[in-house]
Amino acid sequence: MTAAVPSAPYHVLLVEDDAADAMLIEDALLDGGAVRTISQVSDGIAALDHLRSADEARPDLIVLDLNMPRMSGTELLSVLKNDDDLKTIPVVVLTTSAAPDDVSTAYRRHANAYVTKPVNLDDFTRAVRSIETFYRETAVRPAD
């Protein structure tokens with residue numbers, strides 16, 4: 001068995017409209033140590049503005065809630081995965097919904113993973129850290 005090779009720091013775009021959840025997610029992601037920066041926006045339209053801005057760093061990973069105002073996460077997924085400049089950014093859906101239709105729709109729209117937010121705080125933190133751990137220790141990212 002080989003030891004995990006530490007990966008380079010990376011940038012996360014968090015698309016989450018609930019301020020309390022956003023704070024918990026940011027804390028859990030940063031706790032892993034590999035995340036360099038996190039940008040947070042509260043809906044799909046703000047996410048697209050961020051992603052298409054020349055002044056903003058391109059994220060290495062998008063963590064996306066589904067239920068948001070103005071443009072839902074499902075709608076944003078469709079736009080992202082049909083945009084040649086954005087479709088290669090991995091997207092992890094992190095949402096309260098465990099509804100089979102939501103899960104199926106997210107994967108049909110090319111989400112890279114779907115994680116349901118646990119209600120229990122410790123489980124919630126563990127779920128978010130598992131995203132960070134997988135991305136840091138297991139997934140292979142493209143070179144810049």
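**View 1. Pairing of β1 with β3 in the predicted model.** In this predicted model, Leu14 has Val63 of β3 as its bridge partner, and the two strands, β1 and β3, run parallel and are joined by 4 bridges.

**View 2. The two sides of strand β1.** In a regular strand the side chains alternate between the two faces of the sheet. From β1, Tyr10, Val12 and Leu14 point one way, while His11, Leu13 and Val15 point the other way, and all of them are buried. Because 6 of the 6 residues of β1 are buried, the strand is largely enclosed by the rest of the structure.

**View 3. The largest nonpolar core, with Leu76 and its contacts.** This core holds 21 residues, of which Val15, Ile62, Leu64, Leu76 and Leu80 touch the most other members. At least two residues of the core come from each of β1 (10-15), α2 (44-52), β3 (61-64), α3 (73-81) and β4 (91-95). Leaving aside residues up to four places away in sequence, Leu76 touches Val15, Gly44, Ala47, Leu48, Leu64 and Met71. Another core, of 18 residues, lies apart from the largest one and has Ala22, Ile25, Ile38 and Ala127 among its members.

**View 4. The second largest pocket and its lining.** The volume of this second largest pocket is about 160 Å³, and the residues that line it are Leu61, Pro90, Val92, Asn112, Ala113, Val115, Ile131, Phe134 and Tyr135. Both β5 (113-116) and α5 (121-138) supply at least two residues of the lining, with α5 giving the most, 3 residues. Sorted by class, the lining of the second largest pocket comprises 8 nonpolar residues, 1 polar residue and no charged residues.

Methods: Residues numbered from 1 in each chain as written. Predicted model: local features only at pLDDT ≥ 70, side-chain atom pairs only at ≥ 80, totals over all residues. Heavy atoms only, no water. 1 Å grid on protein atoms, 1.4 Å probe; cavity = no way out; pocket = protein on both sides within 12 Å on 5 of 7 lines; lining within 4 Å. Points joined across faces, edges and corners; volume = space filled by probe spheres on them. Nonpolar A, V, L, I, M, F, W, Y, C, P; charged D, E, K, R; others polar. Core = buried A, V, L, I, M, F, W, Y, C linked by side-chain atoms within 4.5 Å. Buried < 20%, exposed > 50% of the residue type's maximum accessible area, 1.4 Å probe, protein only. Contact = heavy atoms within 4.5 Å. Pairing = 2+ DSSP bridges.
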